[in-house]
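The exercises below are intended to be worked with the sequence and the coordinates at hand. Please attempt each task before reading its solution.

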Amino acid sequence: MLLPVFTLKLRHKISPRMVAIGRYDGTHPCLAAATQAGKVADGANAIVLGTLGDIAPPLAIIGGNCALQGFDHEGNDLFWTVTGDNVHSLALCDFDGDGKTELLVGSEDFDIRIFKEDEIVAEMTETEIVTSLCPMYGSRFGYALSNGTVGVYDKTARYWRIKSKNHAMSIHAFDINSDGVCELITGWSNGKVDARSDRTGEVIFKDNFSSAVAGVVEGDYRMDGHVQLICCSVDGEIRGYLPGTAEMKGNLLDTSVEQDLIRELSQKKQNLLLELRNYEENTKVGPLWVWWGSAVRGSAVAGLRCGGARCGGAPLWQVFAVAELSSPLNEADGQKGIIPANTKLQTALSVSLGNDVQDAHAELSISTSNDTIIRAVLIFAEGIFVGESHVVHPSIHNLSSSICIPITPPKDVPVDLHLKVFVGYRSSTQFHVFELTRQLPRFTMYALTSPDAASEPASYVNFIIAERAQRMVTWLNQNFLLPEDNNIQSVPFQACFTSLRNGGQLYIKIKSSGEITVNTDDIDLAGDIIQSMASFFAIEDLQVEADFPVYFEELRKVLVKVDEYHSVHQKLSADMADNSNLIRSLLVRAEDARLMRDMKTMKNRYMELYDLNKDLLNGYKIRCNNHTELLGNLKAVNQAIQRAGRLRVGKPKNQVISACRDAIRSNNINTLFRIMRVGTAPS
């Protein structure tokens, strides 16, 4: 068992995720933690220190209200860009292996974005708010979500993940078992600290605090030449751990955990024995069956390879059967449970407009190739269902060989649907489980409609792509759910879509010259379409012309409000300073009257102080409300810059973001809107 080499207690509570270690004097390691007395600055949600890309001096990079800023040691602003939502976590990592560090940003919109200086080079969408990020080694990094998920990515591929009912308060990479590879150390809301293998997610060490973990850091805190893993709880308890010795061979778990493992293996042994008995019972079924698997909740899992079966272009699958152990099969029951060996599943995806917007949805249809019935369907998909899974279990009176399942993805991202379909007969006591995967296209929630059915949106983006016409059609077919009888076979063409979420219209016009026009009032949708095309056609740089009159008018109003809130903030600050001076004066006068035993004057002065204090409290409430409104409007401005950037790709995108920032800094609103429209500032 790995024991802490030191323990100490602070007399203050520690704010979660506000723990760091560094050398203030350049020599002695100091542990720094933020207490619950207050916060340093508004709009600073996460901070990371280090070098970024080709920027020479080390930076303190601050993530806040949809914005990222980097300052050098003199306070110079050397890095600035915007991101899609409020920042919750930051990390520096050599993501692409070029020897330079990139910035990893986790935000409220569930996205992990990778910045190469101010250019986004990759985005990964998760299922909840990204609360923590940490570099592991190379291009591998750890992450934690607000729903209790922790895991490891290698570039854009998720390596592994686990989900807990507790929340991950802090994660850190540290070689706890001295095998030369960092493990992912996680501090949890229930006080547990565990270390997981970066390769498998297996727990190799754990300890427990009496309160939630506030932070996990590392450093030579005792200055004895050995780096310790330092864990801090919110109650101020701090423990430092030395890595295990090589002789321990990575086994850092105590005996109680070993006993848990023995019990788990014993249970698996009992399950396998039950499965063996089930195998013997079911040999009566005939040579068709090949049984394997492990016992699951009182049922034995068996399987039949369905040779040559395909479903919607999906690869060959395996068919699994679940047989109740409490009901051994005899010949008659076996006949009831067996389905024909050539049974196949057909799946289809379509869109349904319904009677109104509330009824509109995408639809997954599943059917069998014969008279067998579908008893249940289990769907696992990230970001679509609460809890990431969805079970459809028709009533006994509505069983049939087909089933339709409504699906409403909340965001325009491609999603894999992992399906398990229980198939059998009405009288079956045994059901076969077909497993397959279908992918929802990125723009599933848009139905192809007639251009005559709705008016064309006034907002648009226009650009040129040098691509073959057939590739354009291929992109459209891969990213939208188009009916089989559609007439989009060649360029030029015009396609009109209706959003299943809000009924908004989307027009895509592609000419033979490669000129593309996208008409939509949704600037986020326009950005998603451009980013999708850029990824599909491997476009590095793309400049566009854009105009969103309604959105730009709303943004103009927001900018006016920002100026108003700034003015109110300055006036309230000045009033508070004046009142503070008056308080000091009244307090001195009241005390002078008390010393002179002039009780009447003293009472009057304290009454004036009481009234002034009420005015200060009211002013403080107004100031807080004003500040909240100001932050909300600043967030809208930063998001507008991000959206204008997402309408471009590569260098034009970076130029737009930088030019928009300069326009706001100089308070030149007209120039800002010109940049958003044409992509460049006037010369």
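The exercises begin with the whole chain and continue with a sheet, selected residues and a helix.

The model is predicted: local features need pLDDT of at least 70 and side-chain atom pairs count only at pLDDT 80 or more, whereas totals for chains, interfaces and linings use all residues. Residues are numbered from 1 along each chain as its sequence is written, and side-chain values use heavy atoms, with hydrogens and water left out.

**Exercise 1. The whole chain**

Determine how many helices and strands the protein has, and what share of its residues is buried.

Solution.
1. Helices (H or I, at least four residues) and strands (E, at least two) are taken as DSSP runs, numbered from the N terminus. The protein has eight helices and 37 strands.
2. Buried means under 20% relative accessible area, exposed over 50%, and partly exposed in between (1.4 Å probe, protein chains only). Of the 683 residues, 46% are buried.
3. A contact means heavy atoms within 4.5 Å. Among contacts with a separation of 6 or more, 56% come from residues 24 or more positions apart.
4. The accessible surface, from the Shrake-Rupley method with a 1.4 Å probe, amounts to about 33,900 Å², and carbon and sulfur atoms hold 52% of this area.

**Exercise 2. An open sheet**

State the strand order of the open sheet formed by four strands, and explain why one side of each edge strand is left without a neighbour.

Solution.
1. Two strands pair if DSSP finds at least two bridges between them. The order is β12-β13-β14-β15, with antiparallel pairing.
2. The edges are β12 (130–137) and β15; each has a single partner strand, so one side of each lacks a neighbour in the sheet.
3. Ignoring direction, neighbouring strands are turned by 20° against each other on average; the axes are lines fitted to C-alpha atoms, and angles run from 0 to 180 degrees between N-to-C directions.
4. Between β14 and β15 there are six bridges, and Val152 has Trp160 in β15 as its bridge partner.

**Exercise 3. A residue of the sheet**

Is Arg140 buried or exposed, and which residues does Arg140 touch?

Solution.
1. Arg140 belongs to strand β13 (residues 140–145).
2. Arg140 counts as buried because its relative accessibility is 9%.
3. Leaving out residues up to four places away in sequence, Arg140 touches Cys93, Pro135, Val152, Tyr153, Asp154, Tyr159, Asp198 and Arg199.

**Exercise 4. Positive phi in loops**

Locate Phe110 and Lys155, and give the phi of Phe110 and of Lys155.

Solution.
1. Most residues other than glycine have a negative phi.
2. Phe110, in the loop between β9 (102–107) and β10 (111–116), has a positive phi near 75°. Its relative accessibility of 26% makes Phe110 partly exposed.
3. Lys155, in the loop between β14 (149–154) and β15 (157–163), has a positive phi of about 55°. Lys155 is partly exposed, at 41% relative accessibility.

**Exercise 5. Helix α7**

Compare the expected span of helix α7 with the distance between its end C-alpha atoms, and identify what its buried residues pack against.

Solution.
1. The expected span is 1.5 Å times one less than the number of residues. For the 15 residues of α7 (residues 651–665) this gives 21 Å, and the end C-alpha atoms are 21 Å apart, which agrees.
2. The buried residues of α7 include Pro652, Val656, Ile657 and Cys660.
3. The buried residues of α7 pack against β7 (77–82), β11 (119–125), α6 (599–646) and α8 (669–678).
4. After α7 comes Asn667, with a positive phi near 55°.
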